[in-house]
Amino acid sequence: CLYRALIMLVFSCPCALVISIPLGYFGGIGGASRRGILVKGSNYLDALTSVKTVVFDKTGTLTKGEFKVSEIVTKNGYDKSEVLKYAAHAEANSNHPIAQSIIEAFSGEISQDSIGDVNEIAGQGMEAEVENKIVIVGNDKLLHNKNIKHDKCVIEGTVVHVTVDSKYAGYIVISDMIKEDAMQAIKELKKLGVKKIVMLTGDNAFVAKRIASELNIDEVYAELLPEDKVNYIEKFISELSKKDKVAFVGDGINDAPVLARADVGIAMGALGSDAAVETADIVLMNDTPSSVPTSIRIAKKTRRIVWQNILFALGVKLLFIIFAGFGLATMWEAVFGDMGVALIAILNATRVLKS
């Protein structure tokens, strides 16, 4: 009886489970990092397997975020150089990519002495004092709020309106390109079981709908402030069951609150803001949308291997415990049932590194 008890004691040692389960997750995190995907914890890797809604930001996430001034249209007697000069001076102290593209397009020197008070209006634009004139540079919503009559610009690209002392001076068209792998990323996400793909953006509705149509995105919401994006994320979370998750993919400083609110926050790491990278649960160092389905595949393979180890270890141990109870097992078999199973489980766990 003592011999049988010792055999059962050896069989019941949980070494295989204690070693292989965390090793499986470590392997998953390591395999992801080899692909340029930094996962900040095994719980986020696990959450990826339950993602049913993926929400994308537009600029810098689905598009390259490499803005260029493609057209300047003038009104009310202003010429192109004047419109660009006023816009560049108003945006001189902004680090927004659109502002930087306007400054880059302006060939002259920006005189800080000519710039007075500057007021940034979140999600809409800038209001600045330039050469003792009030210059407004922003989107359609900002001009409506200021009751300034202007053209309705239904054209491709991002439109930046310019007004001087409440007089409409014209608009600047900023163009951006969709990332090469964005369409393939959307297709792969749907193959992986993601039920809904959404795009949230602060850009104008025309541009947002065009890009969403090209990429076959299910839902698109445009002209949003950062707090509006948080509200939509909360709405998507409330529509799902507790076991299903919502992932948000973004890159800007304005995306930090949404990244924090989503079940899984994914940030573009190479060009993304420090705030977004710090807040996110997962960071994509190569800035490619296709890394999102890749991370989900790695997460699912990791969980599959972890469950294989659990079922294999428990199954073998249960079988040998039954044999030991009837006196059909020896101490050598007990050693195999403990260390042998642990080694097999460890070798199986290392497969996830090749994800």
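Q: Which residues have the most contacts inside the largest nonpolar core?
A: In this predicted model, they are Leu48, Phe56, Leu189, Ile217, Val264, Ile266 and Ile282. The core has 37 residues.

Q: Which helix gives the largest share of this core?
A: Helix H12, residues 291-325, with 6 residues.

Q: And what is isoleucine 282 in contact with?
A: Leaving aside neighbours within four places in sequence, isoleucine 282 is in contact with Ile37, Leu38, Val39 and Leu48. Its other contacts are Val264, Gly265, Ile266 and Ala267. Leu48, Val264 and Ile266 are also named with Ile282 among the core residues with the most contacts.

Q: How many residues are in the second core?
A: The second core is separate and has 22 residues, including Tyr78, Ala87, Phe106 and Ile174.

Q: Why would nonpolar residues group like that?
A: In soluble globular proteins, nonpolar side chains tend to be buried together.

Q: How much of the protein counts as buried?
A: 49% of its 355 residues.

Q: OK, new topic. Where is serine 50?
A: In the loop between helix H3 (42-48) and strand S2 (51-57).

Q: Is serine 50 buried or exposed?
A: Serine 50 counts as buried, because its relative accessibility is 16% and the cut-off for buried is under 20%.

Q: What does serine 50 touch?
A: Lys243, Asp244, Lys245 and Arg303, not counting residues up to four places away in sequence.

Q: What about glutamate 219, where does that lie?
A: Glutamate 219 lies in strand S10, residues 219-221. Its relative accessible area is 23%, so glutamate 219 is partly exposed.

Q: Which residues does glutamate 219 touch?
A: Not counting residues up to four places away in sequence, glutamate 219 touches Lys196, Ile197, Val198, Met199 and Phe236.

Q: How many residues apart along the chain are glutamate 219 and valine 55?
A: They are 164 residues apart along the chain, while their C-alpha atoms are separated by 9.3 Å.

Q: What share of contacts in the whole protein join residues at least 24 apart?
A: 60%, among contacts between residues at least 6 apart in sequence.

Q: Switching to empty space. How much lies in the largest pocket?
A: About 1200 Å³. The pocket is lined by 46 residues, and the closest to its centre are Thr59, His96, Pro97, Ile98 and Asn254.

Q: Which elements give two or more residues to that lining?
A: The helices are H5 (97-105), H6 (140-145) and H9 (226-239). The strands are S4 (115-121), S5 (125-130), S6 (133-138) and S7 (158-164).

Q: What classes of residue line the largest pocket?
A: The lining has 14 nonpolar, 19 polar and 13 charged residues.

Q: How many cavities of 30 Å³ or more does a search find?
A: A search of the whole structure finds 1. About 40 Å³ of space lies in the largest cavity. Of its 11 lining residues, the closest to the centre are Lys58, Thr158, Asp176, Val207 and Arg210.

Q: Which elements matter for the lining there?
A: Strand S8 (167-175) and helix H8 (205-215) each give two or more residues to the lining of the largest cavity. H8 gives the largest share, 3 residues. By class, that lining has 3 nonpolar, 4 polar and 4 charged residues.

Q: Last thing, what are the overall dimensions?
A: Along the principal axes, the C-alpha atoms fill a box of roughly 100 × 35 × 30 Å. The radius of gyration is 28 Å, whereas a compact globule of 355 residues would have one near 20 Å.

Q: And how many helices and strands?
A: The protein has 13 helices and 13 strands.

Definitions and conventions
Residues are numbered from 1 along each chain as its sequence is written. This is a predicted model: local features need pLDDT of at least 70, side-chain atom pairs count only at pLDDT 80 or more; totals for chains, interfaces and linings use all residues. Side-chain values use heavy atoms; hydrogens and water are left out. On a 1 Å grid over the protein atoms alone, a cavity is a set of points where a 1.4 Å probe fits but cannot get out, and a pocket is an open set with protein on both sides within 12 Å along at least five of seven lines; lining residues have an atom within 4 Å of a point. Grid points are joined across faces, edges and corners, and a volume is the space filled by probe spheres set on the points. Helices (H or I, at least four residues) and strands (E, at least two) are DSSP runs, numbered from the N terminus. Ala, Val, Leu, Ile, Met, Phe, Trp, Tyr, Cys and Pro count as nonpolar, Asp, Glu, Lys and Arg as charged, and the others, Gly among them, as polar. A nonpolar core is a set of buried Ala, Val, Leu, Ile, Met, Phe, Trp, Tyr and Cys residues joined through side-chain atoms within 4.5 Å. Buried means under 20% relative accessible area, exposed over 50%, partly exposed in between (1.4 Å probe, protein chains only). Contact means heavy atoms within 4.5 Å. The radius of gyration is taken over C-alpha atoms; the globule rule is 2.2 Å times the number of residues to the power 0.38.
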